[in-house]
Amino acid sequence: MHRLTQEVKAAALEIGFDAVAIARAEPLDVEFERYREWIDRGYHGTMSYMERNLESRHDVTHIVEGARSVIVLAKNYFTPHQHEADACGKIARYAWGDDYHVVLPPMLDQLCQRLEVLDPGSTSRRYTDTGPVLEKQWAVRAGLGWQGKNGNILRRDIGSWFFIAVVITTAELEPDEPMEDFCGTCTACIDACPTSAIVANSLVDATRCISYWTIEAKAEVEIPLPIAQNLDGWLFGCDVCQDVCPWNRFQTQTNETRFEPRLGQLSIEPDQILTLQPAEFTERFRHSPLKRPKLGGLQRNAKALKTSDE
Ligand code: SF4
Ligand code: SF4
């Protein structure tokens, strides 16, 4: 088991992941209770898909029968650029380059193929924000990082600017120890959140979060006034609670060039978005996370930004 684990971890790093950790595929009892509570309080807003497939979220053997291990992977997306202090139309860092839903799956497929070779007869399934898997909770279980007060997973080497991916497998691998929590007495993220969305340690009320409103909320739903008035220049997503985090101060750069800003843009003027035609939108944002809210959603955000500016 030790040798197989080492080989799988080496394969993950060779494929291009920045960190890898392993958990036993046991039910997420405590974590799931907390998740249920979050849902019961309505903090997930209109993301109703989060209410579904609860058995799988609780226990990954509902996804892969006979699963023994969960491999949790990190892919750094940090590139050394910063928004101008007074920028309007800011895009969250994770969305500057190509969509991780495009970049990560082929890497995960490679890892699943390697697993098949290393442990013949094993079966594996991979996820990267693509199914009913509590990825952050698995990241904590596996010791990939700790969950910061802003809800993100953090590591001392690469901060929180990384995507998380998961491979659920029947291969029996050696689990890692959970990582110590290094937030300490810091509350920088809670203090800096423009909309007071971090309601308790590691607990974010999405219905107050700029990221939720500018990415997930349906285009036909207006951004509520208390949020719209505090958008702080964000057109798509929000990085405030990560920008202020001391663990993100000395971040290392990603080796994935597809995460470099498309057209060199870290922000887009609201007026440019408001005059964009559907065909142009489709062409310009192909393989970009910005296509998620559709043109209507981006234009809703741009309007809210302009109104809050007046
Ligand atoms: S993403 Fe922005 S709005 Fe959401 S919790 Fe973090 S700082 Fe607050
Ligand atoms: S800003 Fe401070 S409290 Fe928030 S996640 Fe980072 S270290 Fe933890």
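Which residue in E2 is the bridge partner of valine 20? In this predicted model, that partner is leucine 73, and the pair serves here as a way into the strands of the protein, before the text turns to the domains, the two ligands and a few single residues.

## The strands around E2

Strand E2 covers residues 69-76, and eight of its eight residues are buried. In a regular strand the side chains alternate between the two faces of the sheet. In E2, Ser69, Ile71, Leu73 and Lys75 point one way, while Val70, Val72, Ala74 and Asn76 point the other way, and all are buried.

E2 has pairing partners in two other strands. With strand E1 (residues 19-24), E2 pairs in the antiparallel sense over six bridges, and one of the bridges in this pairing joins alanine 23 to valine 70 of E2. E1 is itself mostly covered, with five of its six residues buried. With strand E7 (residues 162-169), E2 again pairs in the antiparallel sense, here over eight bridges. Leucine 73, already met as the partner of valine 20, has alanine 165 as its bridge partner in E7.

## Two domains

The domain assignment divides the protein into domain 1 (2-80 + 97-169) and domain 2 (188-309). The contact between them takes 37 residues from domain 1 and 37 residues from domain 2, and the C-alpha centres of the two domains lie 24 Å apart.

## The shells around the ligands

The residues around ligand 1 are Cys193, Pro194, Thr195, Ala197, Ile198, Cys209, Ile210, Ser211, Cys238, Val240 and Cys241. Two elements, helix H7 (210-216) and helix H9 (240-243), each give two or more residues to this shell. By class, the shell around ligand 1 holds nine nonpolar and two polar residues, and no charged ones.

Around ligand 2 stand Gly148, Lys149, Asn150, Leu154, Cys183, Cys186, Ala188, Cys189, Cys245, Pro246 and Trp247. This shell has eight nonpolar residues, two polar and one charged, and at least three residues come from each of domain 1 and domain 2.

Ala197, one of the residues around ligand 1, is also touched by aspartate 205, which has Tyr43 and Val199 as further contacts when residues up to four places away in sequence are not counted. Aspartate 205 sits in the loop between strand E9 (203-204) and H7. Its relative accessibility is 5%, below the 20% limit, and therefore aspartate 205 counts as buried. Its side chain makes a polar contact with the side chain of threonine 207 at 2.6 Å.

## Residues in other loops

Histidine 83 is placed in the loop between E2 and strand E3 (90-91). It counts as buried because its relative accessible area of 19% falls under the 20% limit. Leaving aside neighbours within four places in sequence, histidine 83 is in contact with Lys90, Ile91, Trp96, Trp234, Leu266 and Ser267. Two of these contacts involve backbone oxygens: the side chain of histidine 83 reaches that of isoleucine 91 at 2.9 Å, and the backbone oxygen of leucine 266 lies 3.5 Å from a polar atom of the same side chain. Histidine 83 and phenylalanine 281, by C-alpha positions, are 23 Å apart in space and 198 residues apart in sequence.

Serine 288 is found in the loop between helix H11 (278-284) and helix H12 (294-309). At 1% relative accessibility serine 288 counts as buried, and it touches Gly97, Asp99 and Arg262, not counting residues up to four places away in sequence.

Most residues other than glycine have a negative phi, and most peptide bonds are trans. Asparagine 53 and leucine 263 are non-glycine residues with a positive phi, and the table sets out their values.

| Residue | Phi | Loop | Relative accessibility |
|---|---|---|---|
| Asparagine 53 | near 50° | between helix H2 (29-40) and helix H3 (54-58) | 42%, partly exposed |
| Leucine 263 | about 55° | between H9 and helix H10 (270-274) | 69%, exposed |

Leucine 263 counts as exposed because its 69% is over the 50% limit, whereas asparagine 53, at 42%, counts as partly exposed.

Methods: Residues numbered from 1 in each chain as written. Chains lettered and ligands numbered in written order. Predicted model: local features only at pLDDT ≥ 70, side-chain atom pairs only at ≥ 80, totals over all residues. Heavy atoms only, no water. Near = heavy atom within 4 Å. Helix = DSSP H or I, 4+ residues; strand = E, 2+ residues; numbered from the N terminus. Nonpolar A, V, L, I, M, F, W, Y, C, P; charged D, E, K, R; others polar. Domains from an automatic or database assignment. Buried < 20%, exposed > 50% of the residue type's maximum accessible area, 1.4 Å probe, protein only. Polar contact = N/O pair within 3.5 Å; in protein donor to acceptor, adjacent residues only side chain to side chain. Contact = heavy atoms within 4.5 Å. Pairing = 2+ DSSP bridges.
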